[in-house]
Amino acid sequence: MPYAPANAHIHFALHPDHHPAVIATTTGPTADAARSHLHDHGWRSTGPATMVLARIDCDEPHYTAQAAEQLRRYGFTTEIDPALQEEIDTEWTWADYPMPWCTREEIREVGAAAQRIHDDIAAGHLTIHLHAHDGHTTVAVGSYKEGVRRHVHLHGEDHLRQGTDLTFPTEAEAVAEFHRLYGVAVRPGPAPLTSREQAVRQLLAGKPPSAAEETPAPAAEPPIAEPGEHEAFLAALFDEDRQWEKYRPFDETTIASHESLTVRVEFDHEARHRTDVAWTIAEYDGPVGERLWHATLTAGTPVPLIHAILQYLDAPPLSTADHPDDVLRSAAWRPASHPARTTWTAPDRTIVFESAPHAVADRWTLYGGEDLDRTAWTIRLSAGVPHALLAELAQTAADLLPSTTRPTPKPLPAPASWLPAAVPAQRARGR
């Protein structure tokens with residue numbers, strides 16, 4: 001049965017700044033009805049008369065043709081710009097597509113499934129608990145909130161992201177299996193958005209395309225220990241502080257034991273690369289007691305941070321120290337909360353303090369650099385570390401920054417708690 005004529009005109013054209021996204025311009029008395037139909041096809045409003053279709057599978061021309069055909073069946077008048085029509089008519093494929101056996105329609109089905117996952121995450125229907133890099137691509141574990149609760153593992157990025165064959169009845173089982181599969185590569189929360197995801201989300205939010213694709217200015221280089229600084233610091237520790245006793249069971253290792261017999265420090269002289277673990281520090285509840293907490297520090301760690309830990313262990317402050325996030329907030333560090341972690345980033349983005357309340361081994365992580373996967377140095381602390389020591393580390397880290405990035409501290413109320421803590425493939429086109 002034919003649809004009654006609809007008095008609206010819809011013009012489709014390629015987005016001028018983000019290829020191959022499409023802009024729809026609607027006019028006429030029944031334009032609202034046309035916009036409602038377009039919204040059902042994934043279009044989002046960017047102005048009183050404009051809507052945009054932006055997808056991570058880069059198949060906007062195909063889905064525009066489908067939407068235009070349906071609108072015509074409903075009686076709307078549609079017009080497709082010639083450049084967009086050429087895109088619709090073009091047969092194309094992905095360069096170096098990892099599943100070369102797929103037909104064009106199968107490739108489109110894979111992309112559509114990846115788009116649904118992306119949309120579910122963006123809308124909050126799918127929560128990502130953890131992610132990792134398996135050596136080839138990003139993997140993740142997450143839970144759907146609505147309908148039949150499903151707990152799934154995901155594999156891939158952008159137009160290749162898919163749910164694996166692994167599904168679990170509970171979140172705990174899904175997370176435990178993810179830890180078993182990926183071990184030390186596991187990171188809390190969702191992976192950073194890819195450049196394509198960032199651009200798509202900016203466009204759908206109605207922000208200027210230039211802002212979506214703009215590359216932020218690089219951060220300054222983080223402070224880092226120079227070669228030999230750690231060796232010199234270790235020698236000074238024994239020369240100037242008689243509370244520490246030294247012995248060297250192996251040529252490559254020096255052990256420092258505090259006179260209280262409750263603190264043990266191990267230094268690896270063979271740690272050459274700045275991300276190699278050079279220091280291992282542990283505190284115990286007695287000379288032969290259980291370990292309370294431990295920390296590891298890599299070879300590039302600035303010496304003041306090592307000194308802050310050992311000084312605290314040698315003589316803990318009698319008065320209560322400021323809360324760690326008080327210290328960072330007053331130094332103008334930027335907080336960000338994620339489902340599985342909280343991060344504080346220095347004003348110049350050279351140092352990050354991260355807490356993961358559900359972790360045990362790496363409850364707190366302090367590192368130099370913008371990305372935990374590409375750090376200049378890293379300090380990892382287990383659960384059980386005194387908050388006063390965390391405050392000392394936070395203050396020392398803030399003091400490492402240039403004075404121009406550290407405003408005068410302001411008194412702040414104590415917070416309720418300190419939360420413990422692709423480049424996209426290019427399209428290959430051909431007739």
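**Entry 1: the cores**

I started with the largest nonpolar core, which holds 47 residues; Trp279, Leu310, Trp333 and Phe353 touch the most other members. I then checked where the core's residues come from, and helix 9 (residues 303-314) gives the largest share, with eight residues. Note to self: this is a predicted model.

There is also a second, separate core of 20 residues, and I jotted down Leu38, Trp43, Leu53 and Leu84 as being among them. My general reminder here is that nonpolar side chains tend to be buried together in soluble globular proteins.

**Entry 2: Trp333**

Which residues does Trp333 touch, leaving out those up to four places away in sequence? I got Leu328, Trp344, Thr345, Ala346, Pro347, Ile351, Val352, Phe353, Ala397, Ala398 and Leu401. Phe353 is on that list, and I had already noted Phe353 and Trp333 together among the core members with the most contacts.

**Entry 3: Glu60 and helix 2**

Next I looked up Glu60, which sits in helix 2 (residues 60-73). Is Glu60 buried or exposed? Glu60 has a relative accessible area of 0%, so I put it down as buried, the cut-off being under 20%.

Skipping residues up to four places away in sequence, I found Glu60 touching Pro20, Ala21, Val22, Leu53, Ala54 and Arg55. Leu53 was familiar, since I had it down for the second core.

I went on to the rest of helix 2. Its buried residues are Glu60, Pro61, Tyr63, Thr64, Ala67, Ala68, Gln70 and Leu71. I kept in mind that an α-helix has 3.6 residues a turn, so residues three or four places apart point the same way. For length, helix 2 has 14 residues and reaches 20 Å from first C-alpha to last, close to the 20 Å expected at 1.5 Å a residue. Gly75 follows helix 2 and has a positive phi, near 100 degrees.

**Entry 4: Pro20**

Since Pro20 touches Glu60, I looked up Pro20 as well. I found Pro20 in the loop between strand 1 (9-14) and strand 2 (22-27). The peptide bond leading into it from His19 is cis, with omega near 5 degrees.

**Entry 5: positive phi outside glycine**

I noted Asp158, which is not a glycine yet has a positive phi of about 50 degrees. Asp158 lies in the loop between strand 9 (151-155) and strand 10 (162-168). I also checked its exposure: Asp158 counts as buried because its relative accessibility is 3%.

I wrote down Leu261 too, a residue other than glycine with a positive phi, near 60 degrees. Leu261 is in the loop between strand 13 (253-258) and strand 14 (263-268).

Methods. Residues are numbered from 1 along each chain as its sequence is written. This is a predicted model: local features need pLDDT of at least 70, side-chain atom pairs count only at pLDDT 80 or more; totals for chains, interfaces and linings use all residues. Side-chain values use heavy atoms; hydrogens and water are left out. A nonpolar core is a set of buried Ala, Val, Leu, Ile, Met, Phe, Trp, Tyr and Cys residues joined through side-chain atoms within 4.5 Å. Buried means under 20% relative accessible area, exposed over 50%, partly exposed in between (1.4 Å probe, protein chains only). Helices (H or I, at least four residues) and strands (E, at least two) are DSSP runs, numbered from the N terminus. Contact means heavy atoms within 4.5 Å. The expected span of a helix is 1.5 Å times one less than its number of residues.
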